[in-house]
Amino acid sequence: MPDIRSVVRWGCALIICLAVMGLLAAPAGAQDQPEQPVVTLRQWATGASATSQFGESDWSALRVTGAPDSFACGDQWTAWASAEATGVDSLTVTYDIPLVPTQINIYQSYNPGAITGIELVLADGSGTVPVPDSADPGTECPGVLSIDVLDATAPVNGVIIHLDQTITGDWNEIDAVELVGVLEMGSEVSLWASSASATSQYSDTSWSARQVTGAPDSPECADQATAWASETSSGQDVLTVQFPLPVIPTRLDIVQTYNPGAITSVDLILANGRTVPVADSADPGTECPGMFSLALDEPNAVIGAAIHLDQTITGDWSEIDAVSITGAVAGGLLHQWATGASATSQYGTSGWSVLQATGAPDSIGCGDQAMAWASATPTGVDTLTVSFMADVVPTQVNIYQVYNPGAITGIELVLADGSGTVPVPDSADPGTECPGVLSVDVPDATAPVNGVIIHLDQTITGDWNEIDAVELVGTLGAE
């Protein structure tokens, strides 16, 4: 979450505009209907396109997806740039989960000031809604243009950003776009896995379990590094995935991109921690590439799935690219990994950066590892702040440390309503093993939170205390 935001607030003209377009709340007569509980979510864009881009990889539209990773003001390949320095362009970003929007946050890392307005893309496909008075009034660099959305009721799954770079006379680069909004409990959603682990993987990067997260990105039937593969071609393995929200499921889809046919069974992981086998869940012979779909009739909330494979059946690697679940959003206990992070310092802008603290753990063993966050100096007094997709009433915070544990002096919880932070008593690290998890219980919490601030004093350890991941456990949909 940004520390300083230039806020664009809508006036009466917006209320008139939204009323005409059907985005405002229902008329007074309809307001007598009982309100459904809602949850507040934050999402980074998962897809992006633009009228032009400077490169096919660096400075491309895809650089806008995910959390911010351009941490200074300057021309950086990790942000989107148009083909021409003074181009009149539009950038379109999309999101996995349709939300009734409350705020749009646009992270700009070079020459802010060219944004002339934004449109919201309606999730039902009926069109777009322009946002009045959404031009950039003069964001700092780097900085966040935050646009509050008042009284909207129609879900959106995309944002179109219009730019006229003749205003700035140079490239206006955009690093990330965050959609903040609410979702009714019981809404039907399709969710891609947000984290994954396996009994084995071919490497820690390519063909790793992490390649299963997100939407499919292995487009053909072939041995591809963008899918998960086990360590050996005849392995008997289990691939476990976790979804970003608990749902009462109706379908599970497994995207296979190499030698389908090794899946022998699937278990569902319930929100209460139990596992339930899915009947008749062996792969009967999916095409390649293809989707193995399972119809589900599970009455309890599900947060994950365990996929069992026996590759002696296929005699070669059976690779899986993505897994999704479809169902109605349910309340209950939610385990979530951080989706965004910032720190008072970081050792690098890629390896050892704050982004390495997001997502599930991916640093193996105890040691100095580029896949964990490290501060700029080995004896720094620093803070690491992580944010999460969903607001929850917290029960526990788990901090995964992979190098020199012992420097954490305490943690604070970031209140979801923006009113401040709450320190957690007795949350200093008493002496975690390496690698190890510092688990901090949060007793008697009642207010929703969406972030955690970790305080470290590395003069205690005399060396870098590296953090690989942070998990927030809490109740979704609690009053």
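**Exercise 1. Place Val 449 in the fold and describe its surroundings.**

Step 1. Val 449 sits in strand β24, which covers residues 449-457. The model is a predicted one.

Step 2. Check the accessibility. Val 449 has a relative accessible area of 2%. Buried means under 20%, so Val 449 is buried.

Step 3. List the contacts, leaving aside neighbours within four places in sequence. Val 449 touches Ala 390, Asp 391, Val 392 and Pro 394, among others. The list also includes Leu 413, Val 414, Leu 415, Ala 416 and Leu 472.

Step 4. Take one C-alpha distance. Asp 417 is 32 residues from Val 449 along the chain. Their C-alpha atoms are 7.9 Å apart.

**Exercise 2. Describe the overall fold and extent of the protein.**

Step 1. Count the elements. The protein has 1 helix and 25 strands.

Step 2. Test the radius of gyration. A compact globule of 479 residues would have a value near 23 Å. The protein has 23 Å, which agrees.

Step 3. Add the spans. Along the principal axes, the C-alpha trace covers about 65 × 55 × 50 Å.

Step 4. Look at burial and contacts. Of the 479 residues, 52% are buried. Take the contacts with a separation of 6 or more: 80% of them join residues 24 or more positions apart.

**Exercise 3. Characterise the surface and the charges.**

Step 1. Start with the area. The accessible surface is about 19,400 Å². Carbon and sulfur atoms account for 52% of that surface.

Step 2. Count the charged side chains. There are 7 positive and 58 negative ones.

Step 3. Locate the two sets. Their centres lie 5 Å apart.

**Exercise 4. Find the disulfides and work out what each one links.**

Step 1. Fix the count and the pattern. The structure holds 3 disulfides. With the bonded cysteines numbered in sequence order, the pairing is 1-2, 3-4, 5-6.

Step 2. Take Cys 73 and Cys 141. Their S to S distance is 2.0 Å. The torsion about the S-S bond is about 95°, so this disulfide is right-handed. Cys 73 is in the loop between β3 (47-50) and β4 (88-110). Cys 141 is in the loop between β6 (128-131) and β7 (143-148). The pair therefore ties together parts 68 residues apart in sequence. Cys 73 is partly exposed at 42%, and Cys 141 is partly exposed at 30%.

Step 3. Take Cys 221 and Cys 288. Their sulfur atoms are 2.0 Å apart. The S-S torsion is 95°, and the link is right-handed. Cys 221 belongs to the loop between β11 (195-198) and β12 (236-258). Cys 288 belongs to the loop between β14 (275-277) and β15 (290-295). The two cysteines are 67 residues apart. Cys 221 is partly exposed at 37%, and Cys 288 is partly exposed at 28%.

Step 4. Take Cys 366 and Cys 434. Their sulfur atoms are 1.9 Å apart. The link has 95° about the S-S bond and is right-handed. Cys 366 lies in the loop between β19 (340-343) and β20 (381-403). Cys 434 lies in the loop between β22 (421-423) and β23 (436-441). The parts tied together are 68 residues apart in sequence. Cys 366 is partly exposed at 45%, and Cys 434 is partly exposed at 29%.

**Exercise 5. Identify unusual backbone geometry.**

Step 1. Recall the background. Most residues other than glycine have a negative phi, and most peptide bonds are trans.

Step 2. Find cis bonds. One joins Cys 288 and Pro 289, with omega about -10°. Pro 289 is in the loop between β14 and β15. Another cis bond joins Cys 434 and Pro 435, with omega about -10°. Pro 435 is in the loop between β22 and β23.

Step 3. Tie this to Exercise 4. Cys 288 is bonded to Cys 221 through sulfur. Cys 434 is bonded to Cys 366 in that way.

Step 4. Find positive phi values. Asp 133 is not a glycine, yet its phi is about 55°. Asp 133 lies in the loop between β6 and β7. Its relative accessible area is 54%, and it is exposed. Trp 352 also has a positive phi, near 65°. Trp 352 is in the loop between β19 and β20. At 23% relative accessibility, Trp 352 is partly exposed.

Notes:
Residues are numbered from 1 along each chain as its sequence is written. This is a predicted model: local features need pLDDT of at least 70, side-chain atom pairs count only at pLDDT 80 or more; totals for chains, interfaces and linings use all residues. Side-chain values use heavy atoms; hydrogens and water are left out. Helices (H or I, at least four residues) and strands (E, at least two) are DSSP runs, numbered from the N terminus. The radius of gyration is taken over C-alpha atoms; the globule rule is 2.2 Å times the number of residues to the power 0.38. Buried means under 20% relative accessible area, exposed over 50%, partly exposed in between (1.4 Å probe, protein chains only). Contact means heavy atoms within 4.5 Å. Accessible areas come from the Shrake-Rupley method with a 1.4 Å probe; for residues, only the protein chains shown count as cover. Lys and Arg count as positive and Asp and Glu as negative; His and the chain ends are not counted. The place of a charge is taken as NZ of Lys, CZ of Arg, CG of Asp or CD of Glu. A disulfide is a pair of cysteine sulfur atoms within 2.5 Å.
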